[in-house]
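User: I'm a first-year student and I keep tripping over the labels people use for protein structures. Could you take me through some of them and show me the reasoning behind each?

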Amino acid sequence: NLKYYTLSGKILDTLNHQPVQGIKVKLNELESITDENGIFTFPDLESHIFYVFEPFSEEYLFHPPKRSNRLLQDTFNVFTAYKPMYSISGTIYDSTSKQPLSGITVNMGAIAATSDEQGKYIFSPIMSGDSYSLVPTSAHYIFHPSQRTFTLQKDTTGLDFAGELQT
């Protein structure tokens, strides 16, 4: 006597514990997309079969990365989603002499970093997937470019600024 069950679950954001909508969950050739409540559902699956299913996203990683169940009853599973963390770095230098500039503040929203004696600054860890703007500030220099805006998808280096001494 063949029985059918539902394999379902929820995906929650690790940071705020809120449901994550729009995540693709694959089970063999089947796909389900999480709804506004973070719920995915695979109904009418044959019982006593071992199923492996996993979420996919460009923006998130998941814990656990995949799950498996031998379906003996309706089953509900929870995944947590988190964005990878990366670093942002660059060098600030004098536009004329090409020498590094130390003590220059680089603002990124509500946080700031200061360039060291080699002119290097770094922000780490920073959550991927969000847009950021870097703005260097100094009473004695103007910078080229005046700011850099980007979406963080990986460790990002070489976000340099050239400072022009104001006379």
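User: What makes β2 and strand β5 a pair?

Analyst: Two strands count as paired if there are at least two bridges between them. In this predicted model, β2 and β5 (residues 50–56) share 4 bridges, in the antiparallel sense, so the rule of at least two is met. One spot to look at is V25, which stands opposite P55 in β5.

User: And how do you know that β2 also pairs with β3?

Analyst: Same test: 4 bridges join β2 to β3, and the two run antiparallel. At least two are needed, so this is a pair too. Look at L27, whose bridge partner in β3 is L30. The hairpin of β2 and β3 has 2 residues between the strands, and N28 there takes a positive phi near 55 degrees.

User: Which residues of β2 are on the covered face, and which on the uncovered one?

Analyst: In β2 (residues 24–27), V25 and L27 make up the covered face, while K24 and K26 make up the uncovered one.

User: Why is S32 called buried?

Analyst: Buried means under 20% relative accessible area. S32 has 9% relative accessibility, so S32 counts as buried. You'll find S32 in strand β3 (residues 30–33). Leaving out neighbours within four places in sequence, S32 is in contact with I23, K24, V25, F40, T41 and F42.

User: What makes the link between S32 and T41 a polar contact?

Analyst: The cut-off for a polar contact is a pair of N or O atoms within 3.5 Å. Here the side chain of S32 reaches the backbone nitrogen of T41 at 3.1 Å, so the distance passes.

User: How about F62: why does F62 count as buried?

Analyst: F62 has 9% relative accessibility, so F62 counts as buried. F62 belongs to strand β6. Not counting residues up to four places away in sequence, F62 touches I11, I23, P55, F56, S57, T80, A81 and Y82.

User: How far apart are the C-alpha atoms of F62 and N28?

Analyst: They are separated by 18 Å, and the two residues are 34 apart along the chain.

User: What makes β4 and β6 edge strands?

Analyst: Start with the sheet: 4 strands form an open sheet in the order β4-β1-β8-β6, with mixed pairing. β4 (39–46) and β6 (61–63) are the edge strands, as each pairs on one side only. The twist averages 30 degrees from one strand to the next. Inside this sheet, β1 (residues 4–13) and β4 pair in the antiparallel sense over 6 bridges. For an example, find K10, whose bridge partner in β4 is I39.

User: What is the strand order in the other open sheet, the one with β16?

Analyst: That sheet of 4 strands has the order β12-β9-β16-β14, again with mixed pairing. Its edge strands are β12 (120–127) and β14 (141–144), each pairing on one side only. Neighbouring strands are turned by 25 degrees against each other on average, direction ignored.

User: How do you know that β9 and β16 are paired?

Analyst: 3 bridges join β9 (residues 85–94) to β16 (residues 161–165), and these strands run parallel. The rule asks for at least two, so they pair. D94, for instance, has G163 as its bridge partner in β16.

User: Why would nonpolar side chains end up in a core?

Analyst: In soluble globular proteins, nonpolar side chains tend to be buried together. In this model, the largest nonpolar core has 18 residues, and I88, I92, Y121, F123 and L134 touch the most other members. Elements giving two or more residues are β9, β10 (105–108), β12, β13 (131–137) and β14. The largest share, 3 residues, comes from β12. A second, separate core of 17 residues includes I11, F40, F42 and Y51.

User: How does the protein's radius of gyration look against a compact globule?

Analyst: A compact globule of 167 residues would have a radius of gyration near 15 Å, but this protein has 24 Å. The C-alpha atoms fill a box of roughly 90 × 25 × 20 Å along the principal axes.

User: What does the secondary structure come to, and how much is buried?

Analyst: There are 0 helices and 16 strands, and 37% of the 167 residues count as buried.

Terms used. Residues are numbered from 1 along each chain as its sequence is written. This is a predicted model: local features need pLDDT of at least 70, side-chain atom pairs count only at pLDDT 80 or more; totals for chains, interfaces and linings use all residues. Side-chain values use heavy atoms; hydrogens and water are left out. Axes are lines fitted to C-alpha atoms, for helices over the stretch in contact, and angles run from 0 to 180 degrees between N-to-C directions. Buried means under 20% relative accessible area, exposed over 50%, partly exposed in between (1.4 Å probe, protein chains only). A polar contact is a pair of N or O atoms within 3.5 Å; within protein, one must be able to donate a hydrogen and the other to accept it, and residues adjacent in sequence count only if both atoms are side-chain atoms. Contact means heavy atoms within 4.5 Å. A nonpolar core is a set of buried Ala, Val, Leu, Ile, Met, Phe, Trp, Tyr and Cys residues joined through side-chain atoms within 4.5 Å. The radius of gyration is taken over C-alpha atoms; the globule rule is 2.2 Å times the number of residues to the power 0.38.
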